[in-house]
Amino acid sequence: MVCAGGHPGGGRVDRWPCSLRTRRLQRSPGRRHGPQRGRHPACDARHGRHQPHPGGAAAERRRNAAGAHHRSKRADHLHGACASGDGAVRRVRQHPPDRRAVCLEQHRERPADHVGPAGMTAEVMSAAPPVAAPATASRLLAGPAWSADHERLAEHCHRLGLRPEGGEWLLRSLQDSGLGGRGGAWFPTWRKWALVAQRSQGRSVVVANASEGEPLSAKDRTLVELRPHLVLDGAVLAAETVGAREVVVYLSRGARAAHHAIARALGERRDAGVSEPPIRIVRTAHRYIAGESSAVVRRISGGPSKPQFAPPSPSQRGIGGEPTLVQNVETLAHVALIARRGSAWFRELGTVGSPGSTLMTLCGNVGRPGVYEVDLAAEVGGVLQLAGIRSAGAAALLGGYFGTWLAADTLPHLPLDAAALGEGHGASLGCGVLAVLPEEACGIIEAARIVSYLAAQTAGQCGPCVHGLKAIAATMTRVASAEAVPADIDRVRQWMRLVRGRGVCRHPDGAISQLGSALVVFADHLGAHLDGPGCVKRHNSGFPRPPRSARGWR
Ligand code: SF4
């Protein structure tokens, strides 16, 4: 529960006396679900008096000055130091709220071991014409502009209203909403919560998982950087609903800006006297599988971020031997909105089977790479319009490195709906990545690069994963270099069958799923690599390259 008086905000107390602010918040339509509790001790909203902020006016001025300094540095960074130049900044700022996207050019510090999606030059971005936005949605990314840094607690409360208290009512609401987990599996959220709630007895732990090991994805760290209080509200609602004793925010070491935002948000909540379970941050090495739920439990328990042999699953026995709910941060942010606005509101977007909106990272052969919020009722063609696709492209990788290659001619009218993707194309939205392969690029080369990266990401615990992926990657590297013969591809296909389902986690399955779809979609071109004239496509096409592997597992 948060202060209705807006005390933590930089200078907002003067403009929003507690009494006025409280009345406005009470009229907010977002407060119709669940009981309210708690109020900042310095507010006497009933009598409309504004008490001095703890620490006095001088302390408040110091805080405000610190905020102003921070904003000023931020603005300098955007206007002066940004490598992409003014054009890119203007584009981000000029997006109307319903078309807001977050540019992935190098505006902010990037982890050394994380290579984001390839960007465009400032000239191309600023020259891009206005684009129709048929797939857009503005829920999670609604609010202050990206350039305004993370949303402060006072602003967050003013915009969305107070957070209701979690409980059984929220489980029913989540069931009605049909919210699926946005970490990649799209598992029904209410089921996951119910499993933990059954065993919790007030001892369970909730983990807000923002580790985002997928190199092509930037949605989770972007969300945490921009809307940390929305994520924290969702995590606290989860803790109250399942009866957890603690919340852990789990971040990659590379996501320094996200770590900074969440640490500041926690400080704001502490200063405001928000009543909620203890929340701490745990960081991990940027590894592809560090976000797998059993790896999360192992890392938070003090070990390496490697998957553990199951059962029991974390929902049965996790951190400290207690049931643990590991939930992706985007899912938690959706929960924070559903708790305020209800399941019917959530279902106003999307389809019956895939309700709501989702964050997607669009990259590769697009004019405006970035993180976009899209309506799940949209088609891929509409989503690509948002990012300003420059040509049809050769194909696209949907769902990230564990995803599926799709031919260019299937993309324009391909629905994002889970059933349509799965039944029609054997694909899934996964973690929401859509990477478009330029026509001049070679899909076989890119698929070989990805499988080599994934082979290097193995946790080294399961033979089929360690040796099978290594052999597949080595052979595919020779295929990509046109040094292989047709029998090599037969061997790769055989190894893929042997590796499938043989790991403790889904790592080998995901790796060969991507490769298997590449061998189908680029079948016509495969001959050029085996016994044909050789591949004449470009090795450096602008399609995002896999990053270097991080060292260590902690
Ligand atoms: S399947 Fe691979 S990544 Fe997963 S636990 Fe086994 S060795 Fe590690």
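# Why these words fit: burial, salt bridges and the ligand site

Reader: Why is R152 called buried?
Author: R152 has a relative accessible area of 13%, and buried means under 20%, so R152 falls into that class. Please keep in mind that this is a predicted model.

Reader: How do you know that E268 forms a salt bridge with R152?
Author: The closest N and O atoms of E268 and R152 are 3.7 Å apart. The rule asks for within 4 Å, so the pair qualifies. E268 lies in helix α11 (residues 256-271) and R152 in the loop between α5 (122-127) and α6 (153-160), so the bridge ties together parts that are 116 residues apart in sequence. E268, with a relative accessible area of 8%, is buried as well.

Reader: How many salt bridges does the rule give in total?
Author: The count comes to 17. One group among the salt-bridging residues is a network linking R182, K219, D220 and E330.

Reader: What makes E322 and R203 a salt bridge?
Author: Their closest N and O atoms are 2.7 Å apart, which is within the 4 Å of the rule, so the name applies. This pair also links distant parts of the chain, 119 residues apart: E322 is in the loop between α12 and β7, and R203 is in the loop between α8 (189-200) and β4.

Reader: Why is R203 called partly exposed?
Author: The relative accessibility of R203 is 34%. Partly exposed lies between under 20% and over 50%, so that is the class for R203. Its partner E322, at 15%, is under 20% and therefore buried.

Reader: How far apart in sequence are D488 and R491?
Author: They are three residues apart, about one turn of helix α19 (residues 486-499), where both lie. Their side chains meet in a salt bridge at 2.6 Å, N to O. D488, at 3% relative accessibility, counts as buried, whereas R491, at 38%, is partly exposed.

Reader: Why is helix α12 described as largely enclosed?
Author: Six of the eight residues of α12 (residues 293-300) are buried, so the rest of the structure largely encloses the helix. The buried residues are S294, A295, V296, V297, R299 and I300.

Reader: What covers the buried residues of α12?
Author: The cover includes the strands β4 (204-210), β5 (244-252), β6 (279-284) and β7 (324-328). After α12 comes G302, with a positive phi near 105 degrees.

Reader: Which value does the phi of W186 have?
Author: Phi of W186 is near 60 degrees, a positive value, and W186 is a residue other than glycine. W186 is found in the loop between α7 (168-177) and α8. E212 is another non-glycine residue with a positive phi, about 45 degrees, and its place is in the loop between β4 and α9 (219-226).

Reader: Is E212 buried or exposed?
Author: At 10% relative accessibility, E212 is under the 20% cut-off, so E212 counts as buried.

Reader: Which residues come nearest to the ligand?
Author: Of the 13 residues around the ligand, A459, Q461, C462, C465 and C505 come nearest. The space taken by the ligand is the second largest cavity.

Reader: How do the residues of the shell around the ligand divide?
Author: Eight are nonpolar, five polar and none charged. Asp, Glu, Lys and Arg count as charged, so none of these belongs to the shell.

Terms used:
Residues numbered from 1 in each chain as written. Predicted model: local features only at pLDDT ≥ 70, side-chain atom pairs only at ≥ 80, totals over all residues. Heavy atoms only, no water. Near = heavy atom within 4 Å. 1 Å grid on protein atoms, 1.4 Å probe; cavity = no way out; pocket = protein on both sides within 12 Å on 5 of 7 lines; lining within 4 Å. Sits in = over half its atoms within 2 Å of the grid points. Buried < 20%, exposed > 50% of the residue type's maximum accessible area, 1.4 Å probe, protein only. Helix = DSSP H or I, 4+ residues; strand = E, 2+ residues; numbered from the N terminus. Contact = heavy atoms within 4.5 Å.
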